[in-house]
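User: Please examine the ligand surroundings and the annotated binding residues in the entry shown below.

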Amino acid sequence: MHHFHYVGKELYCEEVPLKRIAAEVGTPCYVYSYATLTRHFEVFDGAFSSVPHLTCFAVKANSNIGVLNLLGRLGAGMDIVSGGELFRVRRAGIPAKRVVYSGVGKTVEEIDYALREGILMFNIESAEELELINSRAGALGLKAPVAIRVNPDVDPQTHPYISTGLKKNKFGIDVDLALKEYERASKLENVEIVGVDCHIGSQLTELAPFVDALRRLKVLISRLEERNIHIKYLDLGGGLGIPYQSETPPHPREYAEALINELRNTPYTLILEPGRVIVGNAGVLLTRVLYTKQTPSKKFLIVDAAMNDLIRPSLYGSYHAIRPVIKNDEAGEEVVDVVGPICESGDFLARERAIQKSTSGDLLAVMSAGAYGFTMASNYNSRPRPAEIMVKGSSFEVIRERESWEDLVRLERIPSF
Ligand code: LLP
């Protein structure tokens with residue numbers, strides 16, 4: 001459920017007409033709904049209320065500090081994958097003690113930063129990383145709390161680019177080798193084993209892969225216990241899908257029930273790392289039609305948002321619904337390609353899509369763009385990145401200004417030679 005809805009013929013975010021935002025802030029821009037973010041977090045987190053748990057929002061899905069701050073105030077922890085994300089989380093006012101740190105390529109600088117801040121747990125992805133974290137913790141006179149990210153080799157049945165828990169993927173340590181790594185870790189002086197972690201992929205629409213992964217982790221944990229290695233945190237990663245088109249992913253309540261059912265009578269604190277399910281349907285990309293263009297084979301709507309603003313359609317062939325901001329029942333529908341101004345044929349937001357007949361100047365909302373939208377945006381074709389807006393009730397605020405042309409060259413220098 002989200003708070004983008006028509007009032008009469010006009011598309012609103014909560015109580016604000018999107019047309020008003022476009023007039024005041026310009027387009028393209030991302031618009032997020034405070035009520036939707038809150039609801040999604042509370043429904044997800046609430047589904048686990050019967051067990052000790054921490055819901056760590058996956059910052060990569062939407063890293064605006066305004067969004068992070070809101071989730072933090074609702075009690076969220078954070079799942080980070082870089083020093084930059086830790087910086088954002090701290091800037092958003094979230095305690096380091098609520099942060100878990102995943103990612104296959106943590107640098108010395110990032111590890112030191114996270115150690116000094118005192119994060120809850122490093123999710124270790126390789127034997128070499130374990131060594132490095134141990135030695136950096138020693139150098140800083142600290143003890144590093146660690147989990148090993150296990151690659152459980154389950155097929156999440158999702159797009160190959162976003163499946164992460166298969167043997168062939170670069171993530172985690174093979175479930176059969178993890179035991180050996182834990183034994184090694186238990187002998188290291190400057191690490192403390194606190195958890196077991198996995199993350200199998202994103203946009204999952206079935207429960208079975210999550211349950212399979214959890215079962216494999218449980219087997220590992222019992223082997224660890226036989227060796228007197230005891231963990232506190234069981235981190236199951238993120239990955240719950242959302243409806244973009246006709247998908248029917250499990251409700252967070254069903255997801256929670258399935259996991260809790262597997263964990264009966266266990267003492268662990270569950271950690272979840274949801275990203276998309278919290279923010280995906282809480283945001284839209286608002287764009288304006290610049291031109292319509294009829295070619296001998298197709299009709300194109302050329303809009304002012306492009307693949308640099310929202311790359312998911314180009315990169316994954318993802319479907320995002322596109323809705324007119326002003327409905328016109330007389331206009332009828334037509335089949336068009338919705339494309340941006342970028343000089344690549346792969347620059348499209350929708351292909352062969354039936355949408356309300358539009359003319360230049362019309363506003364469109366690209367739906368379900370709150371996750372992996374702005375965070376994957378770039379400046380390709382020297383396009384300033386769009387503004388981000390948060391709506392709460394009848395008011396809205398800019399939570400990231402639109403970049404300027406000046407911003408594009410701010411860090412660049414013409415060399416002296
Ligand atoms: N935890 C870890 C370690 C992850 O790698 C990810 C996502 C998550 C949690 C959150 O997964 P979620 O709940 O959002 O599915 N750019 C792609 C998605 C990439 C996901 C990468 N990892 C997209 O636009 O679909």
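**Ligand shell and binding site**

Analyst: At least three residues of the shell around the ligand come from each of domain 1 (4–32 + 280–409) and domain 2 (34–277); the domain bounds come from an automatic or database domain assignment. This is a predicted model, in which local features need pLDDT of at least 70, side-chain atom pairs count only at pLDDT 80 or more, and totals for chains, interfaces and linings use all residues. Residues are numbered from 1 along each chain as its sequence is written.

User: Which residues come nearest to the ligand?

Analyst: A residue is near the ligand if its C-beta atom, placed from the backbone, lies within 6 Å of it. The shell has 22 residues. Those that come nearest are Ala58, Ser202, Gly238, Gly275 and Tyr372.

User: Is Glu273 buried or exposed?

Analyst: A residue is buried if 20 or more other C-beta atoms, placed from the backbone, lie within 10 Å of its own, exposed if 12 or fewer, and partly exposed in between. Glu273 has 26 such neighbours inside 10 Å, and therefore counts as buried.

User: Which residues does Pro274 touch, leaving aside those up to four places away in sequence?

Analyst: Contact requires C-beta atoms, placed from the backbone, within 7 Å. Pro274 is itself buried, because 27 other C-beta atoms lie within 10 Å. Its contacts beyond four places in sequence are Phe44, Thr55, Phe57, Ala58, Gly238 and Leu240.

Terms used
Two residues are in contact if their C-beta atoms, placed from the backbone, lie within 7 Å.
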